[in-house]
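Colleague: Could you take me closely through one part of this predicted model, the largest pocket and what surrounds it?

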Amino acid sequence: MRKLAILVAALAFAPAAFAAGGGGTASWQQWHAGNQLGDRASLQRGARNFMNYCAGCHSLKYVRYQRVGTDLGISDEVLKENLLLPGAKVTDYVLTSMPGALANEWFGIVPPDLSLITRSKGSDYVFQFLKTFYADPNAATGTNNLALAGTAMPHVLSDLQGVQRAVFDEHGAFVTFEAGVPGQLSAAEYDAFVRDTVNFLEYAGEPAKLQRATVGVWVVLFLLLFTAIAWLLKQEYWKDVQ
Ligand code: HEC
């Protein structure tokens, strides 16, 4: 009985540990973003995160601000006040204001459009990428990344996450992260920040997914209701026969 209780407890807590990026830092490749497309508040926070921390360099060239507003329940006024890049209209696509030539000069590469990034590389990958920057004095940006070694992207979230140090064994294999420069957010808060951002990027990759999910729920509800009605009807018809 006690064994059973322990087993149940272990099973109950395992997914939480996973979602929080637990299971040890050595297994960072198994980290799951654990984002929920149906969580509108998370998507709104993700949109804010993206516009504040990513849109300076990255575009979402297939996504219009207004579509984001409609899908995520953000009014035009709030869009204009909080999310639009300077000079942009609500009917515009989300295009970075950074000129490609300048970006090329600064980073040696133009930051990729992120509209389809979660579809090409997966939400878990983007989650891992944003969580595995570490201090590297030899890198031009001062940081390196486990998911994309030698990346030209600076650790733009370092004020939130801080800058962790990475420990490698004698064969150069990654062992663990160590605390380095602290950031404003706790580890759990940073995970939540990244999860929201990834959630928004997954939404941006296929805005119609949101509707599909909602339609799916209604279809299931309808089927359940219909089953109940059919069953009641059958009871009614057979009442006199038996
Ligand atoms: C200061 C400019 C800058 C900002 C701000 C920035 N990035 Fe980047 N990002 C880059 C550059 C440059 C690259 C190309 C990196 C490379 O290929 O090495 C890149 C690449 C990426 C990639 C692709 C990685 C891959 O595997 O190809 C992702 C995902 C990404 N950025 C996400 C983000 C997110 C999310 C934010 C906001 C939290 C953000 N970036 C903010 C410059 C930036």
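**The pockets and the iron site**

Modeller: To set the scene with the neighbouring topic, β6 provides the largest share of the lining of the second largest pocket, namely 6 residues. That second pocket has a volume of about 360 Å³, and among its 22 lining residues K131, Q161, Q164, A187 and Y190 are the closest to its centre. At least two lining residues each come from α8 (158-161), β5 (162-168), β6 (174-182) and α9, and by class the lining divides into 11 nonpolar, 8 polar and 3 charged residues.

The largest pocket, which is the part you asked about, has a volume of about 540 Å³. Its lining is made up of 26 residues, and H58, P112, L114, F129 and M153 are those that lie nearest its centre. The elements that contribute two or more residues to this lining are α6 (117-121), α7 (123-131) and α9 (187-205), with the largest share, 4 residues, coming from α7. In terms of class, the lining of the largest pocket holds 21 nonpolar, 4 polar and 1 charged residues.

Two of the residues nearest the centre of the largest pocket, H58 and M153, are also the protein donors of the iron atom of the ligand, H58 through NE2 and M153 through SD, at 2.0 to 2.1 Å from the iron. The site has 6 donor atoms with angles of 88 to 178 degrees among them, and its geometry is octahedral. For six octahedral donors the ideal angles are 90 or 180 degrees. H58 sits in the loop between α2 (40-53) and β1 (60-64), whereas M153 sits in the loop between β4 (143-145) and α8, so that the pair ties together parts that are 95 residues apart in sequence. Buried here means under 20% relative accessible area; H58 therefore counts as buried at 10% relative accessibility, and M153 likewise counts as buried at 19%.

Apart from the pockets, the structure holds 2 cavities of 30 Å³ or more. The largest cavity, with a volume of about 50 Å³, has a lining that includes A47, F50, M51, L60 and F200; α2, α3 (65-72) and α4 (76-83) are the elements that give two or more residues to it, and α2 supplies the largest share, 3 residues. The lining of that cavity consists of 10 nonpolar residues, with no polar and no charged ones. The second largest cavity has a volume of about 40 Å³ and is lined by Y53, C54, L130, L157, F193 and T197, which divide into 5 nonpolar, 1 polar and no charged residues.

Key
Residues numbered from 1 in each chain as written. Predicted model: local features only at pLDDT ≥ 70, side-chain atom pairs only at ≥ 80, totals over all residues. Heavy atoms only, no water. 1 Å grid on protein atoms, 1.4 Å probe; cavity = no way out; pocket = protein on both sides within 12 Å on 5 of 7 lines; lining within 4 Å. Points joined across faces, edges and corners; volume = space filled by probe spheres on them. Nonpolar A, V, L, I, M, F, W, Y, C, P; charged D, E, K, R; others polar. Donors = N, O, S within 2.8 Å, 3.2 Å for Na, K, Ca; no water. Tetrahedral: all angles 85-135°; square planar, octahedral: opposite > 155°, others 65-115°. Buried < 20%, exposed > 50% of the residue type's maximum accessible area, 1.4 Å probe, protein only.
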